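Trainee: I would like to go through this model one feature at a time, with the reasoning spelled out. Where do we begin?

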Amino acid sequence: MPFKINRAKWIPLVTALASTMPAQVVASIEDPSLLATPPMGFNNWARFMCELNETLFVDTADAMASNGLLEAGYNRINLDDCWMNYDRAENGSLEWNITKFPRGLPWLGQYVKDKGFNFGIYEDSGNLTCGGYPGSEGYEEIDAETFAAWGIDYLKLDGCNVYPKEGRTLQEEYKYLYGHWHEVLGKMQQPLIFSESAPAYFSMTDNLTDWYTVMDWVPGYGELARHSVDILVYGGDGSAWDSIMTNYKFNTLVARYQRPGYYNDPDFLIADHPGLSLEEKRSQFALWASFSAPLIISAHIPDLSAEDLEYLKNQALIEVDQDPLAQQATLASRDSSLDVLTRNLADGSRLATILNHGSDSVETDITLDILGLSSDCTYEAQDLLDGSTQTIKDGIHVQLNTHATAVYKIEIDEKCSQAIPTGIVFNTASGKCLTGTSSAVRFESCNGSKSQIWQVDASGVIRTLSEQSKCLTTDGKTISLQECKESDAQKWSYALTGNLKNTDSGSCLTEDAGVSACGFEANNQVFGLPAGVKVA
């Protein structure tokens, strides 16, 4: 028998109960325990889009429970767009499509919970979803109550069909709508996990000021944010690998925002996309895990191959993704073929991830100083893809096919000093790297040279690997390399906005202009720095 529920009775009841619930802190950066590690699970969108129904989710839950994905940590089943009717009920509540979900979403939620999963859903902050179904604007409270009554604990809130009201810019309208949802969720006894899509709607512009501004506020409103374009859907036009690289690139621009309880979201793992080689699918998983990004699979789970399940269940990489530090890997080095990323792990070890994004195979050595490690020490490095270990004295030798990725966990002995934040300082709009030589400091295309790799110590002094006795210095107008004296002219602070501010002058590093007055999220003043640099 189909599950039936009398909405006219339960909506007022839930409303009355909600009014007696104490307001609680819901923002992840204020209460990291709400989502202590990045979410893992399944979403239908990239694989099935609007072709969703009860059978799909039942079969998916059954398969994940039997093939080891649930045991590996993938414990969320999330619906995306097109699950609802085109009209709300007379009392304003949303209704599921009974053709697609004949036993109802409360029944489905209980089914997946009985299997060991959490249950998530999709809505839109505007007046319509991207698929043309009812949006939540003006109905936030009743929708939150409805979702809670259905057993849902995770909300993905999209941003289609948002139009600014008089007196507000488009960015301010998004902030108002997502801020209102934040307030609504904060009054719930059990706040829903809040996945925000607002930044994605500002990412594809030449002037990134609004995008940066949205990224500034999303960590205070929810637990994760999809910052850029949708990853390529199963039947979409274009290159699936290029789509992965686009979202990967955007993720490298926003590492400064991530901290325990809030996670940058580069979108779904497209594990059965026909346009990807096995090497490319492994790379996406390894990169997402290195980022401590959400691991949400969008694929036909029952038909996943043994090879796909093997890398998706790689426990060593899942442990990296779920590491309690939640430190996002950042760029230590970049050239036309290789990206080297590093981060710290909670157990004191160092992660090194090397991506060959070029079109040819590469064989090279990654020296220890690039990884922020001392050449005076010997380290044990574990290959997290094949489980092998090697002792490294001078560096890591890598041999990578095109689009392949290697990930190493490097144990740091008590006799060796902790890793130093080391990597490129790059402008997130132009992509150019800060380059320091004896003659000048300027921004150039990233080439992997040690004149572009910088160490940042705890006092804010910044020096290149190529000339470690010299530090980035300003006279209040220009920048140069000068002998390190640790004066205020050589100390810099890193802001959440991406500004690199000089202690002495109070001015900000500015691409192609030395330093200048700190602006508001200006393209030429927003920079990515190595993981581990303190963000003010």
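Mentor: With helix packing, keeping in mind that this is a predicted model. Helix H6 (residues 140-149) packs against H7 at an angle of about 50°, and their axes are 10 Å apart.

Trainee: What does that angle make H6 relative to H7?

Mentor: The angle between H6 and H7 is about 50°. Roughly parallel needs an angle under 35 degrees, and roughly perpendicular one of 65 to 115. The angle therefore makes H6, relative to H7, oblique.

Trainee: Is the crossing of H6 and H7 left-handed or right-handed?

Mentor: The angle of about 50° does not settle the hand, which depends on the sense of the turn. For H6 passing H7, the crossing is right-handed.

Trainee: How are H7 and H8 placed relative to each other?

Mentor: H7 and H8 pack at an angle of about 15°, with their axes 10 Å apart. Their crossing is right-handed. The cut-off for this class is an angle under 35 degrees, so H7 and H8 are roughly parallel.

Trainee: What distance separates the end C-alpha atoms of H7, and does the expected span matter here?

Mentor: H7 has 17 residues, and at 1.5 Å a residue it should span 24 Å. The expected span uses one less than the number of residues. The model agrees with the expectation, because the end C-alpha atoms of H7 are apart by 24 Å.

Trainee: How many residues of H7 are buried?

Mentor: The buried residues of H7 include Tyr 174, Leu 177, Tyr 178, Trp 181 and Leu 185. Two histidines, His 180 and His 182, are also among them. H7 is mostly covered, and the buried count out of its 17 residues is 12.

Trainee: Tyr 178 is in that list. How is its aromatic pair with Phe 194 arranged?

Mentor: The model has 20 aromatic pairs. In the pair of Tyr 178 and Phe 194 the ring centres are 6.0 Å apart, with 20° between the planes. Planes under 30 degrees apart fall in one class, so the pair of Tyr 178 and Phe 194 is stacked.

Trainee: How many residues apart are Tyr 178 and Phe 194?

Mentor: Tyr 178 is in helix H7 (residues 170-186), and Phe 194 is in strand E5 (residues 193-196). Both are buried, because Tyr 178 has a relative accessible area of 0% and Phe 194 has a relative accessibility of 0%. The pair links distant parts of the chain, and its members are apart by 16 residues.

Trainee: Which class does the pair of Tyr 178 and Trp 217 fall into?

Mentor: The centres of these two rings are 6.2 Å apart, and the planes are at 45°. Tyr 178 lies in helix H7 and Trp 217 in helix H8 (residues 209-217), so the pair ties together parts that are 39 residues apart in sequence. Both residues are buried. The angle makes the class of the pair tilted.

Trainee: Which residues make up the cluster linked by ring pairs?

Mentor: Tyr 178 pairs with Phe 194 and with Trp 217. Ring pairs join these three into a cluster whose members are Tyr 174, Tyr 178, Phe 194, Tyr 201, Phe 202, Trp 217 and Tyr 221.

Trainee: Over which rings does the charged end of Arg 47 sit?

Mentor: One ring has its centre 4.9 Å from the charged end of Arg 47, and it belongs to Phe 48. For the other ring the distance to the centre is 3.6 Å, and that ring belongs to Tyr 234.

Trainee: Is Ala 326 buried or exposed?

Mentor: Ala 326 is found in the loop between helix H12 (315-321) and strand E9 (330-334). Its phi is near 55°, a positive value in a residue other than glycine. Most residues other than glycine have a negative phi. At a relative accessibility of 1%, Ala 326 counts as buried.

Trainee: Where does Glu 486 lie, and how does its accessibility class come out?

Mentor: Glu 486 has a phi near 55°, again a positive value. This residue lies in the loop between strand E24 (479-483) and strand E25 (492-494). Its relative accessibility is 41%, so the class of Glu 486 is partly exposed.

Technical notes: Residues numbered from 1 in each chain as written. Predicted model: local features only at pLDDT ≥ 70, side-chain atom pairs only at ≥ 80, totals over all residues. Heavy atoms only, no water. Phe/Tyr/Trp six-rings, centres within 6.5 Å; stacked < 30°, edge-to-face > 60°. Helix = DSSP H or I, 4+ residues; strand = E, 2+ residues; numbered from the N terminus. Buried < 20%, exposed > 50% of the residue type's maximum accessible area, 1.4 Å probe, protein only. Lys NZ or Arg CZ within 6 Å of the ring centre and 35° of its normal. Axes fitted to C-alpha atoms, helices over the stretch in contact; angles between N-to-C directions. Parallel < 35°, antiparallel > 145°, perpendicular 65-115°, else oblique.
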